[in-house]
Amino acid sequence: MAVIELKKINKIFGSGISRVHVLHDIDFSANRGQLILVVGPSGSGKSTFLTIAGGLQTPTSGSVEVEGKAVEQLTKAQRDKLRLNQIGFVLQSYNLVPYLKVKEQFEFVDKVKRQGNLNKEDLAGLLKQLGISNLVDKFPGQLSGGQTQRVAIARALYANPDIVLADEPTAALDSQKVEEVGQLFQDLAKQRDKAVVVVTHDTRLLEYADKVYQIMDGKMTESAKQTD
Ligand SMILES: Nc1ncnc2c1ncn2[C@@H]1O[C@H](COP(=O)(O)OP(=O)(O)OP(=O)(O)O)[C@@H](O)[C@H]1O
Ligand SMILES: [Mg+2]
């Protein structure tokens with residue numbers, strides 16, 4: 001069963017002369033154990049798609065189902081709970097808390113979500129894998145773009161979500177770090193049975209993907225991915 005499914009999603013911003021139709025009849029699904037890429041140029045609708053998939057924005061029409069439940073039929077409280085417990089976001093803006101040190105970003109997650117987060121050992125392993133163990137006492141403002149990106153990835157994964165939604169998670173990374181992050185996302189999908197959805201224009205991630213969608217002017221198509 002698809003863990004997340006979008007059916008005939010449309011998104012229109014504004015009205016009259018400022019009306020923009022950003023997403024057109026988007027159909028999309030992701031299963032556990034899959035790393036899925038959505039590739040498209042700037043302005044094609046990637047972030048809009050991802051924030052709708054994760055319930056941060058509502059579509060103009062169409063439905064989003066998470067584990068078979070239609071998100072639009074949930075109450076706000078239920079939607080918040082679903083986001084908190086099942087979805088991990090790595091947003092384009094990183095959304096780290098500016099006045100908390102890196103290690104405190106994780107403690108902050110513990111305050112918001114008390115159960116089911118990684119234990120100390122797994123967190124240490126994750127930080128090591130991402131090459132950021134030495135940054136735990138720094139504030140976000142003291143990090144480079146690539147370091148910030150990796151901390152944001154760690155923070156999203158710390159809550160151990162079933163679904164990971166990542167927006168351009170490799171934009172600021174050099175090729176070696178891209179490989180490491182690609183491998184990490186693939187491991188999460190395969191070894192921890194998560195659905196990992198990455199929107200990007202970074203074609204360096206293609207080799208790690210199980211399924212690839214193209215998005216162009218708000219229209220999405222599944223593209224054939226050669227699996228060896
Ligand atoms: N709140 C909004 N109001 C009006 N237009 C919007 C809004 N959000 C996005 N758009 C428009 O929707 C289109 C798609 O934006 P979106 O941010 O989803 O693209 P993107 O593929 O993520 O681009 P990038 O690669 O630059 O991040 C753009 O034309 C953008 O201007
Ligand atoms: Mg974007």
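This is a short walk through one predicted model, covering a buried lysine, two residues with positive phi, some salt bridges and a pair of helices.

Some ground rules. Residues are numbered from 1 along each chain as its sequence is written, and chains are lettered from A and ligands numbered from 1 in the order in which they are written. Because the model is predicted, local features need pLDDT of at least 70 and side-chain atom pairs count only at pLDDT 80 or more, while totals for chains, interfaces and linings use all residues; side-chain values use heavy atoms, with hydrogens and water left out.

I will start with Lys46. This residue lies in helix H1, residues 46–53. Helices (H or I, at least four residues) and strands (E, at least two) are DSSP runs, numbered from the N terminus. Lys46 is buried and yet has no salt bridge. Buried means under 20% relative accessible area, exposed over 50%, and partly exposed in between, with a 1.4 Å probe and protein chains only. A salt bridge is a side-chain nitrogen of Lys or Arg within 4 Å of a carboxyl oxygen of Asp or Glu. Which side chain of opposite charge is nearest to Lys46? That is Glu168, 4.2 Å away. For charge, Lys and Arg count as positive and Asp and Glu as negative; His and the chain ends are not counted. The side chain of Lys46 does reach the backbone oxygen of Gly40, at 2.9 Å. Leaving aside neighbours within four places in sequence, Lys46 is in contact with several residues, including Val38, Pro41, Glu168 and His201. Contact means heavy atoms within 4.5 Å.

Now Glu168 itself. Glu168 sits in the loop between strand E7 (163–167) and H6, and at 6% relative accessibility this residue counts as buried. Its phi is near 45 degrees, a positive value in a residue other than glycine. Asp217 also has a positive phi, of about 50 degrees, and is not a glycine. Is Asp217 buried or exposed? At 59% relative accessibility, Asp217 counts as exposed. Its place is in the loop between strand E9 (211–216) and strand E10 (219–223).

On to the salt bridges. The count comes to nine. In one of them, the side chains of Lys7 and Glu65 meet at 3.2 Å, N to O. Lys7 lies in strand E1 (residues 4–13) and Glu65 in strand E4 (residues 61–66), so the pair ties together parts that are 58 residues apart in sequence. Another joins Lys8 and Asp27 at 3.7 Å, N to O. Lys8 is in strand E1 and Asp27 in strand E2 (residues 20–30), 19 residues apart. Asp137 forms a salt bridge with Lys103, the closest N and O atoms being 2.6 Å apart. Asp137 is partly exposed, with a relative accessible area of 43%. Arg32, Glu67 and Asp162 are linked in a network of salt bridges.

Last, the helix pair. The axes of H5 (residues 145–158) and H6 (residues 175–192) come within 12 Å and cross at roughly 10 degrees. These axes are lines fitted to C-alpha atoms, for helices over the stretch in contact, and angles run from 0 to 180 degrees between N-to-C directions. H5 and H6 are therefore roughly parallel to each other. Angles under 35 degrees count as roughly parallel, over 145 as roughly antiparallel, 65 to 115 as roughly perpendicular and the rest as oblique. Arg150, Ile153 and Leu157 of H5 make the contact, together with Lys177, Val181, Leu184, Phe185 and Leu188 of H6.

Terms used
A polar contact is a pair of N or O atoms within 3.5 Å; within protein, one must be able to donate a hydrogen and the other to accept it, and residues adjacent in sequence count only if both atoms are side-chain atoms.
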